[in-house]
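Here are my notes for you to read alongside the model. Take the points in order, and keep the 3D view open as you go.

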Amino acid sequence: MGSQDPVCPSCGHPVATVVRRHKTLGAVVPVWRPGPCRNPQCPAYAAREPEEAQPKRRGERNRP
């Protein structure tokens with residue numbers, strides 16, 4: 001594994017590392033990947049989503 005911090009391929013700014021799950025041979029294992037770019041001047045900029053737009057977890061209800 002590389003020891004370098006992940007950077008945006010478009011602008012070169014550092015990005016956060018996000019953990020995704022991947023199922024391999026019946027076991028769920030973590031996979032670390034670069035997160036979205038948060039630099040507003042970058043063409044690959046990903047604005048943060050509002051909380052309502054994020055998918056709900058199992059068992060959560062909509063609260064007024």
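**Notes on the fold**

1. Let's begin with one glycine. Gly 35 counts as buried because its relative accessibility is 15%, and buried means under 20%. Please keep in mind that this is a predicted model. You will find Gly 35 in the segment that follows strand 2, which covers residues 27–34.

2. What is Gly 35 in contact with, once neighbours within four places in sequence are left aside? The answer is a run of four residues: Val 15, Ala 16, Thr 17 and Val 18. Try a distance in your viewer as well: from the C-alpha of Gly 35 to the C-alpha of Ala 46 is 9.6 Å, and these two residues are 11 apart along the chain.

3. Now step along to Pro 36, which also belongs to the segment after strand 2. Is Pro 36 buried or partly exposed? With a relative accessibility of 37%, Pro 36 is classed as partly exposed. Leaving aside neighbours within four places in sequence, Pro 36 is in contact with Val 15 and Ala 46. Its C-alpha is 7.4 Å from that of Ala 16, although 20 residues separate the two in sequence.

4. Asn 39 is another residue of the segment after strand 2. Its relative accessible area is 14%, so Asn 39 is buried. Apart from neighbours within four places in sequence, the contacts of Asn 39 are Cys 11, His 13 and Tyr 45.

5. Next, the secondary structure. How many helices and strands does the protein chain have? There are zero helices and two strands. Strand 1 takes in residues 17–24, and eight bridges join it to strand 2 in an antiparallel arrangement.

6. To see the pairing for yourself, look across from one strand to the other. Arg 20 has Val 31 of strand 2 opposite it, and His 22 stands opposite Val 29, also in strand 2. The two strands form a hairpin with two residues between them. In that turn, Leu 25 has a positive phi of about 55°.

7. The cysteines deserve a careful look. The structure holds zero disulfides. Cys 8 is in no disulfide, and its nearest cysteine sulfur belongs to Cys 42, 3.7 Å away. Cys 11 is likewise in no disulfide, with the sulfur of Cys 42 as its nearest cysteine sulfur, 3.7 Å away. Why does neither distance count as a disulfide? A disulfide needs the two cysteine sulfur atoms to be within 2.5 Å, so a separation of 3.7 Å does not qualify.

8. Cys 8 and Cys 11 fall into separate burial classes. Cys 8 is buried, since its relative accessible area is 6%. Cys 11, at 28% relative accessibility, counts as partly exposed.

9. Finally, stand back and view the whole chain. Of its 64 residues, 9% are buried; Gly 35, Asn 39 and Cys 8 are among the buried residues. The chain exposes about 6300 Å², and carbon and sulfur atoms supply 50% of that area. Among contacts between residues at least 6 apart in sequence, 20% join residues at least 24 apart.

Note on methods: Residues numbered from 1 in each chain as written. Predicted model: local features only at pLDDT ≥ 70, side-chain atom pairs only at ≥ 80, totals over all residues. Heavy atoms only, no water. Helix = DSSP H or I, 4+ residues; strand = E, 2+ residues; numbered from the N terminus. Buried < 20%, exposed > 50% of the residue type's maximum accessible area, 1.4 Å probe, protein only. Contact = heavy atoms within 4.5 Å. Areas by Shrake-Rupley, 256 points an atom, 1.4 Å probe, with all protein chains shown as cover. Pairing = 2+ DSSP bridges.
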